[in-house]
Amino acid sequence: MSSMHTIELDCPQCRKKSPFTIHDSINVTLDPEDKEKVLDRSLFKFQCPHCGFESCVQYGSLYHDMTNKYMISVCGDEETAKNSPIPDIGDTIHGKKLSMLNDGYRFRTVVHFDGLAEKISIFDAELDDFAVEFVKAVILKQANELTRLYFTQIDESSIYFYAIFHDEEKNTGLSISRNVYDEAVKMLGEKSRKSKEQFITPVIAATLCVQGRTSEPER
Ligand SMILES: [Zn+2]
């Protein structure tokens with residue numbers, strides 16, 4: 001089941017302390033009501049009882065969906081994510097990882113709770129997240145003014161993203177032809193599915209593909 005603990009948080013605005021709940025792990029099979037709160041980030045929202053200041057607090061956590069067989073390790077920053085070849089899922093579960101992989105489990109590492117919500121949306125839409133990351137990497141390589149893209153939805157003609165710019169005032173939704181995604185799925189191929197699954201961070205796999213490398217990354 002989900003595990004959590006309470007800390008005293010300093011409000012960045014008024015500097016007063018108030019209690020805040022940290023979710024060390026979130027199990028949406030055992031606590032299904034938590035999924036919506038993850039998607040709208042309300043589970044991670046800090047609201048200062050003294051001055052009303054609100055913000056989403058970023059920290060490391062583990063999201064587990066036993067029904068759809070996936071675990072997502074959330075890192076508080078990109079550096080930690082890049083250096084996390086295996087999600088920190090604890091010794092007991094870690095030992096079981098291989099048998100879980102064979103059972104069709106997916107393990108992923110993402111940065112921030114926005115990355116978590118995006119990954120859940122991709123899996124809910126039954127998309128290949130490696131192909132989605134590939135499409136994002138292609139767009140990001142061509143558009144220097146963008147810093148990040150988050151998948152939002154897909155329909156028969158287009159795939160939609162929310163684009164984060166260096167100048168955040170420019171942040172906006174954008175869409176490109178769905179064909180680009182379909183081509184990426186074909187290119188990455190079902191055959192390589194097993195080898196893809198070793199990439200815990202699909203964004204690294206996608207970046208390597210865009211750079212023209214097909215070999216495994218150095219470990
Ligand atoms: Zn405050």
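Which residues in helix 6 meet which residues in helix 7? In this predicted model, Phe130, Ala131, Val132, Phe134 and Val135 of helix 6 meet Val180, Tyr181, Ala184, Val185 and Leu188 of helix 7. The residues of this contact divide into 10 nonpolar, no polar and no charged. Helix 6 spans residues 129-142 and helix 7 spans residues 178-188; their axes come within 9 Å and cross at roughly 120°. The two helices are therefore oblique to each other, and their crossing is right-handed.

**Overall composition**

The protein has 9 helices and 10 strands. Of its 219 residues, 24% are buried. Among the contacts between residues at least 6 apart in sequence, 55% join residues at least 24 apart.

**Nonpolar cores**

In soluble globular proteins, nonpolar side chains tend to be buried together. The largest nonpolar core here has 18 residues, and those with the most contacts inside it are Val38, Tyr63, Ile72, Val74, Val110 and Leu116. At least two residues of this core come from each of strand 5 (61-65), strand 6 (70-75), strand 7 (106-111) and helix 5 (112-124). Tyrosine 63 is in contact with Ile26, Val38, Met71, Ile72, Val74 and Leu116, when its neighbours within four places in sequence are left aside. Apart from the largest core lies another, of 14 residues, including Phe130, Val132, Phe161 and Leu188. Phe130 and Val132 of helix 6 and Leu188 of helix 7 also take part in the contact between these two helices.

**Tyrosine 162 and phenylalanine 53**

Tyrosine 162 lies in strand 9, residues 158-165. Because tyrosine 162 has 15 C-beta neighbours inside 10 Å, it counts as partly exposed. Not counting residues up to four places away in sequence, tyrosine 162 touches Tyr150, Thr152 and Gly173. Threonine 152 is 10 residues from tyrosine 162 along the chain, and their C-alpha atoms are separated by 6.6 Å.

Phenylalanine 53 is found in the loop between strand 3 and strand 4 (54-56). With 14 C-beta neighbours inside 10 Å, phenylalanine 53 counts as partly exposed. Leaving aside neighbours within four places in sequence, phenylalanine 53 is in contact with Cys11, Pro12, Gln13, Cys14 and Cys48. The C-alpha atoms of phenylalanine 53 and cysteine 14 are 8.3 Å apart in space, while the two residues are 39 residues apart in sequence.

**Positive phi at two arginines**

Two loop residues have a positive phi although neither is a glycine. Arginine 15 lies between strand 1 (3-10) and strand 2 (17-27), and arginine 41 lies between helix 1 (34-39) and strand 3 (45-47). The table sets out their phi values and surroundings.

| Residue | Phi | Other C-beta atoms within 10 Å |
|---|---|---|
| Arginine 15 | near 70° | 10 other C-beta atoms within 10 Å |
| Arginine 41 | about 65° | 15 other C-beta atoms within 10 Å |

Is arginine 15 buried or exposed? Arginine 15 is exposed, because 10 other C-beta atoms lie within 10 Å and the exposed class takes in residues with 12 or fewer. Arginine 41, with 15 other C-beta atoms within 10 Å, is partly exposed.

Conventions. Residues are numbered from 1 along each chain as its sequence is written. This is a predicted model: local features need pLDDT of at least 70, side-chain atom pairs count only at pLDDT 80 or more; totals for chains, interfaces and linings use all residues. Axes are lines fitted to C-alpha atoms, for helices over the stretch in contact, and angles run from 0 to 180 degrees between N-to-C directions. Helices (H or I, at least four residues) and strands (E, at least two) are DSSP runs, numbered from the N terminus. Angles under 35 degrees count as roughly parallel, over 145 as roughly antiparallel, 65 to 115 as roughly perpendicular and the rest as oblique. A crossing is left-handed if the near helix is turned anticlockwise from the far one by less than a right angle, and right-handed if clockwise. Two residues are in contact if their C-beta atoms, placed from the backbone, lie within 7 Å. Ala, Val, Leu, Ile, Met, Phe, Trp, Tyr, Cys and Pro count as nonpolar, Asp, Glu, Lys and Arg as charged, and the others, Gly among them, as polar. A nonpolar core is a set of buried Ala, Val, Leu, Ile, Met, Phe, Trp, Tyr and Cys residues joined through C-beta atoms within 7 Å. A residue is buried if 20 or more other C-beta atoms lie within 10 Å of its own, exposed if 12 or fewer, and partly exposed in between; C-beta atoms are placed from the backbone.
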